[in-house]
Amino acid sequence: MSDLKRGLSEAVAAAFAAAGLPAELGRVTPSDRPDLADFQCNGALAAAKTARRDPREIAAGVTATLAADPRLSLVEIAGLGFINMRVSDTALSERANEIAADPRLGAGEVETARRILVDYAGPNVAKPMHVGHLRSSIIGEAIKRIFRFRGDLVVGDAHFGDWGYQMGLLIGAVMDEDPFIKALMEQLNGRGRPVTPEEEKTAFAALEGRVSLEDLDRLYPAAAARGKEEPEYRDRARKLTAELQAKTPGYHLLWRHFARVTKVALERDFHALGVDFDLWKGESDVDDLIAPMVKELDAKGLLVDDQGARIIRVARQGDKRDLPPLLVVSSEGSAMYGTTDLATVLDREKSFDPDHVLYVVDQRQADHFEVVFRAAYLAGYAPEGSLEHIGFGTMNGTDGKPFKTREGGVLKLNDLIEMTRTKARERLREADLGAELDPDAFDDTAHKVAVAALKFADLQNFRGTSYVFDLDRFSSFEGKTGPYLLYQAVRVKSLLRKAADEGVKTGPITVSDPAERDLVLLLDAFDQALNDAYDKRAPHFVAEHAFKLAQAFSRFYAACPILSAEPVLRSSRLALADTTLRQLEQALDLLGVNAPARM
RNA sequence: GCGCCCUUAGCUCAACUGGAUAGAGCACCUGCCUUCUAAGCAGGCGGUUGCAGGUUCGAGUCCUGCAGGGCGCGCCA
């Protein structure tokens with residue numbers, strides 16, 4: 001099954017080939033001039049250049065061949081040599097029925113599935129998510145879903161930041177604050193043997209009520225600041241970090257508690273946002289790989305001593321700039337950020353063996369990843385070109401600087417969601433929507449509206465665009481917004497319920513009205529939108545499609561009575577509405593958005 | 001200093017291998033709820049695509065230069 005664009009492209013390509021011209025010139029695109037045509041082909045213009053012939057003359061040869069195509073009600077040459085095509089109502093109806101019967105709603109699949117790993121969000125221990133995590137989380141989630149829907153085998157990895165100096169800082173800060181924990185650590189560390197499962201259980205139970213994510217969130221910034229100011233404090237934290245990495249029993253147990261309370265809270269928050277991971281691999285998981293990796297890199301002759309550190313040079317012939325080397329071992333002998341990333345590549349190669357890895361991380365890290373990737377290729381840890389950084393733009397406040405709350409702090413993601421949810425409740429009441437819902441369902445609807453508003457505000461922009469974080473815009477409910485999309489979906493659901501009540505069934509789709517034609521043309525364009533999103537790793541193509549589809553439906557809904565139409569037309573239009581809903585919900589799902597049943 | 005990215009309507013953003021009249025939403029103006037949800041629909045207003053050259057039958061898109069903005073450039077992650 002293929003969409004109209006592809007089907008027509010084949011026909012036009014054949015026509016070009018018949019005229020002795022390259023078949024690839026026959027590429028068909030949606031028309032720029034919907035008033036003149038449904039589809040167009042610009043190949044004659046391109047051919048004219050190389051063949052040194054009049055484009056209209058070339059087009060004439062092609063259109064003569066196409067005239068017999070039963071799918072087309074009109075083929076004509078326009079302007080300088082554009083080939084304009086209008087699809088017949090019959091062909092359009094046929095395509096609509098095809099999409100209606102297709103579980104994939106007209107979307108194609110990749111020819112050969114690849115194993116894809118998507119690395120996104122990157123939450124850290126002891127840090128609740130703030131607005132800065134929004135982009136990676138929702139763009140990464142959308143990319144994961146888009147790739148999966150296209151047929152690849154995809155896993156999403158949160159890439160948990162659970163290791164390093166920050167952990168030493170936290171261990172110290174927690175012990176300073178709570179004498180009980182300090183005593184517990186001394187007790188567990190002092191016995192020179194691992195903790196038994198029984199002791200572990202008791203210790204975890206004791207820690208449960210004493211150290212929460214809120215405590216960690218409060219202690220960490222203070223400890224980090226103090227570490228910067230006081231060398232002794234910093235040294236102690238480093239020592240604690242080293243002891244943790246040496247798996248000193250008490251510290252290791254305490255650290256596992258940190259990681260667990262953080263993960264539990266984060267998973268809940270992510271889930272509320274419609275973001276769910278298959279893997280929560282942490283930096284700690286690759287710690288054991290680092291020492292042997294360094295040895296191996298050395299054996300391969302890749303490590304170079306430089307200013308007391310050990311580095312891998314990754315510069316290549318033809319580089320326009322001096323790319324820094326990968327710093328593998330610092331002059332103090334410790335592993336660095338890039339070392340962990342390299343070990344992660346190695347770990348993934350061993351555990352999942354991906355064909356391709358997508359790193360959904362801020363654009364500013366582009367150079368860092370380029371360095372890591374090159375080192376990984378040199379080391380043979382991943383095939384050349386299989387690691388890809390999917391950068392996204394930064395999020396700033398209205399002053400162009402990193403976003404801050406009025407108090408000057410970072411805005412927590414939960415607070416943002418709650419603010420938007422509150423606004424959603426107000427707006428639902430104002431518009432007298434959801435009045436018949438019970439309180440729980442009402443809250444659920446408000447939550448879905450809020451999440452849709454937040455996600456769509458971000459995902460409608462190309463990921464590379466840096467943008468200004470504007471709360472009003474993020475919680476706007478009119479026009480090109482998430483709630484608009486939900487609203488259209490809910491209107492169809494309401495319509496379908498009413499139809500079911502009246503015993504009206506869907507039937508074969510027959511298009512005739514212009515609004516019906518436009519709607520079917522959009523349903524047909526789903527595959528192309530998905531393709532673009534997949535190829536460019538850019539969810540906004542799906543967002544754009546969803547919006548256009550919702551818009552086309554709304555026009556259709558306004559122009560074409562459904563339930564009051566005569567029976568055959570009524571069944572056709574109901575089927576069209578039903579198909580639109582299913583495709584819209586599929587597109588929304590790819591964006592990580594759910595439509596409520598009512599609103 | 002070197003390098004990367006950006007500059008499109010008053011604002012926020014789109015624009016498929018270079019193609020016809022550069023599109024949406026917001027804001028503003030005019031209509032439309034006794035018929036399926038008006039968070040909607042129909043229509044209007046709004047552009048020298050930062051500036052200057054170049055390539056091309058044709059440039060928002062490619063090339064060069066300039067201006068303005070953002071970001072990155074081994075011992076933080």
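At what angle do the axes of helix H6 and helix H10 cross? The points below take up this pair and then other features of the predicted model.

1. Helices H6 and H10. The axes of helix H6 (residues 165-177) and helix H10 (residues 231-245) cross at roughly 110 degrees and come within 7 Å. An angle of 65 to 115 degrees counts as roughly perpendicular, and H6 and H10 are therefore roughly perpendicular to each other. On the H6 side the contact is made by Tyr-165, Met-167, Gly-168, Leu-169, Ile-171, Gly-172, Ala-173, Met-175 and Asp-176. H10 contributes Tyr-233, Arg-234, Arg-236, Ala-237, Arg-238, Leu-240, Thr-241 and Leu-244. By class, the residues of this contact comprise 10 nonpolar, three polar and four charged.

2. Helices H10 and H11. H10 also packs against helix H11 (residues 249-272), with axes that come within 8 Å and cross at roughly 90 degrees. H10 and H11 are therefore roughly perpendicular to each other. Leu-240, Glu-243 and Leu-244 of H10 meet Tyr-251, His-252 and Trp-255 of H11. Four of the residues in the contact of H10 with H11 are nonpolar, one is polar and one is charged. Leu-240 and Leu-244 take part in the contact with H6 and in that with H11.

3. Surroundings of RNA strand B. The strand is surrounded by 68 residues, and the closest are Arg-27, Arg-33, Phe-82, Leu-428 and Leu-433. Of the atoms of RNA strand B that come within 4 Å of the protein, 53% belong to sugar and phosphate. The surface near the strand has 32 nonpolar, 17 polar and 19 charged residues.

4. Backbone contacts to the RNA. Two of these involve bases: a backbone N or O atom of Met-599 lies 2.9 Å from a base nitrogen of RNA strand B, and one of Leu-45 lies 3.5 Å from a base oxygen. A polar backbone atom of Lys-480 is 3.1 Å from a sugar or linking oxygen of the strand. Two or more residues of the surface near RNA strand B come from each of helix H2 (43-51), strand E4 (82-87), strand E8 (309-312), strand E13 (467-468), helix H18 (482-501) and helix H21 (540-559).

5. Salt bridges. The whole structure holds 53 salt bridges. In one of them, the side chains of Arg-348 and Asp-119 meet at an N to O distance of 2.8 Å. This pair links distant parts of the chain, with Arg-348 in helix H13 (residues 337-351) and Asp-119 in strand E5 (residues 115-119), 229 residues apart. Side chains of opposite charge can pair when their charged atoms come close.

Key
Residues numbered from 1 in each chain as written. Chains lettered and ligands numbered in written order. Predicted model: local features only at pLDDT ≥ 70, side-chain atom pairs only at ≥ 80, totals over all residues. Heavy atoms only, no water. Near = heavy atom within 4 Å. Polar contact = N/O pair within 3.5 Å; in protein donor to acceptor, adjacent residues only side chain to side chain. Helix = DSSP H or I, 4+ residues; strand = E, 2+ residues; numbered from the N terminus. Nonpolar A, V, L, I, M, F, W, Y, C, P; charged D, E, K, R; others polar. Axes fitted to C-alpha atoms, helices over the stretch in contact; angles between N-to-C directions. Parallel < 35°, antiparallel > 145°, perpendicular 65-115°, else oblique. Contact = heavy atoms within 4.5 Å. Salt bridge = Lys/Arg side-chain N within 4 Å of Asp/Glu carboxyl O.
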